[in-house]
Amino acid sequence: MSGASATTLTGRAVARRRTRSRLGWNLLGLLVLLTAGFPVYWMIDTAIKPAKDAIDPDPSLLPTGFTLANFRRALAIADFWGPVGRSLVVSLSVVAIGIVVGMLAALAISRFAFRGRKLVIVGILAVQMVPLIAMIIPVFLLLNDLGQYDKLSGLIITYLTFILPFTVWTLRGFIVNIPRELEEAAMVDGCSRTGAFLRVVFPLLAPGLVATSVYGFIQAWNEYLYALMLMSQQNQTATVWLGNFTTKHGTEYAPMMAGATMMAVPIVVLFLLVQRKMAAGLTAGAVKG
């Protein structure tokens, strides 16, 4: 066999291996998509099917009908816009405060050397390891002493205790990957340290801010335990509002899924608006330099 023929066969073998490898990864990705997407599909399917079909002991995987009665029932069973409005206020406030404070803290940890810097970093990591359920009683007692029980401000402060450490740690990773030389060059050209940050670092940090903000919003929007324990029925948030569908007569699954579908709309809209920035932010800190 000539050398050219051997090279051709080797090239074909490599191409076949690459094709099989690509097919395997595509199948794996499809499996992950189906696994992650099926609960969403089932939620929407249950929301739009007749209520009697939602409790059928032999359910169909395919839609069996279409109705908007479940959405009307979800809006009628209890106040919907009040809990949603409170959840929006809490989530947006947590994101706004968390981003401002977290960005300044991450900048200080990344750019300045001070006594106890490593201790602060270890403390941020340690806080994230504490289970949220372990802090529910101390948080309740503290908010009660401060007069913040059953208030949105108290819930915002509570959410910041576990969202802010993640924000600081994540933004620190983005800032570390921005070369100091860019700031120094701006300062040589006449910028102050603040001006160098606003003109150089902040634009490069924007994708990371978007990604972190979306994560913080989702965490605050979906949180259930603290909202249930710290807020009364009159001040409940959207996640606690879903509990109104479970009564002594049973659970109204179809209206509950309709309510859950409506609750998912703000998250979907937010993601669609910032998906490009979020994708860039999630990969911006992956490579050093």
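Helices and strands are DSSP runs, numbered from the N terminus, with at least four residues for a helix and at least two for a strand. On this basis, Lys151 lies in the loop between H6 and H7. The structure described here is a predicted model. The protein has 12 helices and two strands, and buried residues make up 35% of its 289 residues.

**Overall architecture**

- Along the sequence, the elements follow the pattern α-α-α-α-α-α-α-α-α-α-α-β-β-α.
- Helix H1 spans residues 3-48, helix H3 spans residues 69-77, and helix H7 spans residues 152-176.
- Strand E2 covers 250-251, and helix H12 covers 253-284.

**Surface patches**

- A patch of positive charge on the surface is formed by Arg12, Arg16, Arg17, Arg18, Arg20 and Arg22.
- Within this group, Arg17 belongs to helix H1. Arg17 has a relative accessible area of 47% and is therefore partly exposed, since that class lies between the limits of 20% for buried and 50% for exposed.
- A nonpolar patch on the surface consists of Leu23, Leu27, Leu30, Leu33 and Leu34. Together these leucines have about 510 Å² of accessible area.
- Leu23, one of the residues in the nonpolar patch, lies in helix H1.

**The two sides of helix H3**

- Asn70, Phe71 and Ala74 are the buried residues of helix H3. Viewed down the helix axis, the buried residues of H3 fall within an arc of 100°, so they line one face of the helix.
- An α-helix has 3.6 residues a turn, so residues three or four places apart point the same way.
- Arg72 and Ala76 are exposed, and they sit on the face of H3 turned away from its buried side.
- Arg73 is also part of helix H3. Its relative accessibility is 35%, so Arg73 counts as partly exposed.

**Salt bridges**

- A search of the whole structure finds four salt bridges. Three of them are described below, each with its own setting.
- Lys49 forms a salt bridge with Asp45, and the closest N and O atoms are 3.3 Å apart. Both residues of this pair, Lys49 and Asp45, are buried.
- Asp53 and Lys52 are joined through their side chains in a salt bridge of 3.2 Å, N to O. Asp53 counts as buried because its relative accessibility is 17%, under the limit of 20%. Lys52 is exposed because its relative accessible area is 60%, over the limit of 50%.
- A salt bridge of 2.8 Å, N to O, connects the side chains of Glu252 and Arg73. This pair links distant parts of the chain, with the two positions 179 residues apart in sequence numbering. Glu252 is in the loop between strand E2 and helix H12, whereas Arg73 is in helix H3.
- Glu252 has a relative accessible area of 25% and is therefore partly exposed.

**The loop between H6 and H7**

- Asp150 is found in the loop between helix H6, which covers residues 136-146, and H7. Asp150 has a phi value near 60°, a positive value in a residue other than glycine.
- Asp150 counts as partly exposed because its relative accessibility is 22%.
- Lys151 lies in the loop between H6 and H7. Its relative accessible area is 40%, so Lys151 is partly exposed.

**Residues apart in sequence, with their distances in space**

- Lys151 and Ser232 are 81 residues apart in sequence and 9.0 Å apart in space, taken from C-alpha to C-alpha.
- Ser232 lies in the loop between helix H10 (225-230) and helix H11 (238-241). With a relative accessible area of 19%, Ser232 is buried, because buried means under 20%.
- Pro165 and Ile121 are 44 residues apart in sequence, and their C-alpha atoms are 9.5 Å apart in space.
- Pro165 is found in helix H7. Its relative accessible area is 11%, so Pro165 is buried.

Conventions: Residues are numbered from 1 along each chain as its sequence is written. This is a predicted model: local features need pLDDT of at least 70, side-chain atom pairs count only at pLDDT 80 or more; totals for chains, interfaces and linings use all residues. Side-chain values use heavy atoms; hydrogens and water are left out. Patches are made of residues with over 30% relative accessible area and no salt bridge: like charges are joined within 9 Å, nonpolar side chains (Val, Leu, Ile, Met, Phe, Trp, Tyr) within 5 Å. Accessible areas come from the Shrake-Rupley method with a 1.4 Å probe; for residues, only the protein chains shown count as cover. Lys and Arg count as positive and Asp and Glu as negative; His and the chain ends are not counted. The place of a charge is taken as NZ of Lys, CZ of Arg, CG of Asp or CD of Glu. Buried means under 20% relative accessible area, exposed over 50%, partly exposed in between (1.4 Å probe, protein chains only). The arc is that of the directions from the helix axis to the C-beta atoms.
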